[in-house]
Amino acid sequence: MSPEARTQHLLELGDFQCVWCGYDLTRTNARPVRELLVPKVKGGPTRLENEVASCSSCNQKRGHSTSPSQYVEECRNERGLSPNAKLVADQLDALDAAIQRDGGMRKIRDYVTREAKRVRGLVID
Ligand SMILES: [Zn+2]
């Protein structure tokens, strides 16, 4: 899959909104980025299940050390935003399933399972 196709797939998955702040990523001044839910420095793989579309501003604010569940809470409590926790939980569940299926990624296996549960608990119906 080309980088452009990956971005398009992730944009559709997130209804063309930033996963964290809801910014409309179809606007001409939007600079959507493919963000890794489990950061690369934590051993997060570059695969679709570990990616969401976000605006470059949120991507930069999050940095490389905040876990997905921490950042959902930070967006809500400190930035007054309504992050798409359901999408984050769905992606982490898909990543968890991919790890169970394909094996490997031992370094992040428990982390992903734990984070998937945590973020699922943060989903507001
Ligand atoms: Zn954003």
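This short presentation covers a zinc site, a pocket and two loop residues in one structure. Please keep in mind throughout that the model is predicted.

I begin with the metal. The zinc ion is held by four sulfur donors, the SG atoms of C18, C21, C55 and C58, at 2.3 Å. What is the arrangement of the four donor atoms around the zinc ion? The angles they subtend run from 103 to 114 degrees, which makes the arrangement tetrahedral. For reference, the ideal angle for four tetrahedral donors is 109.5 degrees.

Along the chain, the donors of the zinc ion follow the spacing C-x2-C-x33-C-x2-C. Within that pattern, C18 sits in the loop between α1, residues 3–13, and β1, residues 32–36, while C55 belongs to strand β2, residues 51–55; the pair therefore ties together parts that are 37 residues apart in sequence.

Are these two cysteines, C18 and C55, buried or exposed? Residues count as buried under 20% relative accessible area. C18 has a relative accessible area of 3% and is therefore buried. C55, at 9% relative accessibility, also counts as buried.

I turn next to the loop that holds C18. Two further residues in the loop between α1 and β1 deserve mention, namely D15 and F16. D15 has a positive phi of about 55 degrees, although it is not a glycine. F16 is likewise a residue other than glycine with a positive phi, in this case near 60 degrees. As for accessibility, D15 is exposed, with a relative accessible area of 58%, whereas F16, at 29%, counts as partly exposed.

My last topic is the largest pocket. The space in this pocket comes to about 200 Å³. Which residues line the largest pocket? They are R34, E35, L36, P39, K40, T46, E51, N59, R62, G63 and H64. Sorted by class, the lining has five charged, four polar and two nonpolar residues.

Which elements supply at least two residues each to this lining? They are β1 and α2, the latter spanning residues 56–62. Of the elements, β1 gives the most, with three residues.

To close, let me return to the main points. The zinc ion is coordinated by C18, C21, C55 and C58, in a tetrahedral arrangement. D15, in the loop between α1 and β1, is exposed, and F16, in that loop as well, is partly exposed. The largest pocket, finally, draws on β1 for three of its lining residues.

Conventions:
Residues are numbered from 1 along each chain as its sequence is written. This is a predicted model: local features need pLDDT of at least 70, side-chain atom pairs count only at pLDDT 80 or more; totals for chains, interfaces and linings use all residues. Side-chain values use heavy atoms; hydrogens and water are left out. Donors are N, O and S atoms within 2.8 Å of the metal (3.2 Å for Na, K and Ca); water is not among the atoms, so sites may look incomplete. Four donors count as tetrahedral if all angles lie between 85 and 135 degrees; four count as square planar and six as octahedral if opposite donors are over 155 degrees apart and all others between 65 and 115; anything else is irregular. Helices (H or I, at least four residues) and strands (E, at least two) are DSSP runs, numbered from the N terminus. Buried means under 20% relative accessible area, exposed over 50%, partly exposed in between (1.4 Å probe, protein chains only). On a 1 Å grid over the protein atoms alone, a cavity is a set of points where a 1.4 Å probe fits but cannot get out, and a pocket is an open set with protein on both sides within 12 Å along at least five of seven lines; lining residues have an atom within 4 Å of a point. Grid points are joined across faces, edges and corners, and a volume is the space filled by probe spheres set on the points. Ala, Val, Leu, Ile, Met, Phe, Trp, Tyr, Cys and Pro count as nonpolar, Asp, Glu, Lys and Arg as charged, and the others, Gly among them, as polar.
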